[in-house]
Amino acid sequence: MRRSRGAELGRARVAALIASAVVAVSGCSGGGQEGAGASGKPAARAPGVHGWTGSPCELLAGAPPAQGFTVGSTTDSADPDTLEDIGENGARPRYRQTGCLADLTGPDGALWKLSTTAAVYEDSGPAHHAYRVKEDLDRAHGRGTERVHDAAYAKPADDQGRPGRTLLLWNGDLLLSVTAYGPYGSKEDEVRDDLGSIVENTARLVEDELRERDAPSSPTAS
């Protein structure tokens with residue numbers, strides 16, 4: 001199955017795709033500054049200002065989640081109320097949440113599943129803090145996290161024996177989670193590459209669709 005080679009190519013593809021859609025952590029967290037031309041690292045997309053939508057499944061209509069896949073029935077999950085999170089130093093930052101659950105049909109007609117959850121915060125700091133907390137918890141519980149970019153990581157998922165993959169992404173005021181599951185009875189090594197493509201492409205599409213059109217789309221040249 002060329003597993004090691006496939007995984008290596010998958011990681012390279014993920015990094016290339018996500019690099020264009022996420023912001024480098026150092027820009028908002030007080031970390032070391034790295035220019036766009038830093039060795040071995042492509043320029044990351046600038047922090048974005050994102051909007052909430054009451055029709056999140058419409059965001060998936062922009063492009064197929066992966067080659068040969070089509071989106072079938074969908075269910076919106078959009079909470080119009082402002083929610084509160086527990087931030088740093090006891091702060092309670094506010095955010096709004098929206099998401100979509102969708103059935104996918106693969107090239108061979110098999111049914112897959114896709115879900116997205118987007119939390120849009122009032123500021124980028126709390127969104128970054130929430131991302132760090134989730135990553136720390138996943139690592140502490142040994143969930144096999146895989147660093148994709150400074151502001152994105154992936155982990156395996158499972159739904160009653162269906163192999164899956166989750167991608168968690170932070171960009172500016174947005175915390176985005178995308179999870180895909182293969183068909184019932186499928187094996188993880190059989191669907192790994194397609195799962196990676198689905199969550200990568202969906203994360204990039206949803207982030208772009210939620211981004212306010214007048215927000216910066218690239219880092220300011222120094």
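This passage looks at the confidence of a predicted model, then at three of its strands, and finally at one helix.

Confidence is a helpful place to start. The protein chain has an average pLDDT of 80, and 76% of the residues reach at least 70. Two stretches score much less well. Across residues 1–43 the pLDDT stays under 50, although the model still has 69 contacts beyond four places in sequence for this stretch. Residues 217–222 also have a pLDDT below 50, and the model shows 6 contacts for them beyond near neighbours in sequence.

Moving on to the strands, strand 4 (residues 146–149) and strand 5 (residues 152–159) run antiparallel and are joined by 3 bridges. One pairing to look for is that of Glu146, whose bridge partner in strand 5 is Ala154. With 2 residues between them, strand 4 and strand 5 form a hairpin.

Strand 5 also pairs with strand 6 (residues 162–171), again in the antiparallel sense, over 8 bridges. Here Ala157 stands opposite Gly164 of strand 6. Strand 5 and strand 6 make a hairpin too, with 2 residues between the strands, and in this hairpin Gln160 takes a positive phi near 50 degrees.

Helix 4 (residues 188–210) allows a simple check of length. Because each residue should add 1.5 Å, its 23 residues should span 33 Å, and the 31 Å between its end C-alpha atoms agrees with this. Helix 4 is not straight throughout: at Asp194 there is a bend of about 30 degrees.

Technical notes. Residues are numbered from 1 along each chain as its sequence is written. This is a predicted model: local features need pLDDT of at least 70, side-chain atom pairs count only at pLDDT 80 or more; totals for chains, interfaces and linings use all residues. Side-chain values use heavy atoms; hydrogens and water are left out. Helices (H or I, at least four residues) and strands (E, at least two) are DSSP runs, numbered from the N terminus. The expected span of a helix is 1.5 Å times one less than its number of residues. The bend at a residue is the angle between axes fitted to the seven residues ending there and the seven starting there. pLDDT is the predictor's confidence in each residue, from 0 to 100. Contact means heavy atoms within 4.5 Å. Two strands pair if DSSP finds at least two bridges between them.
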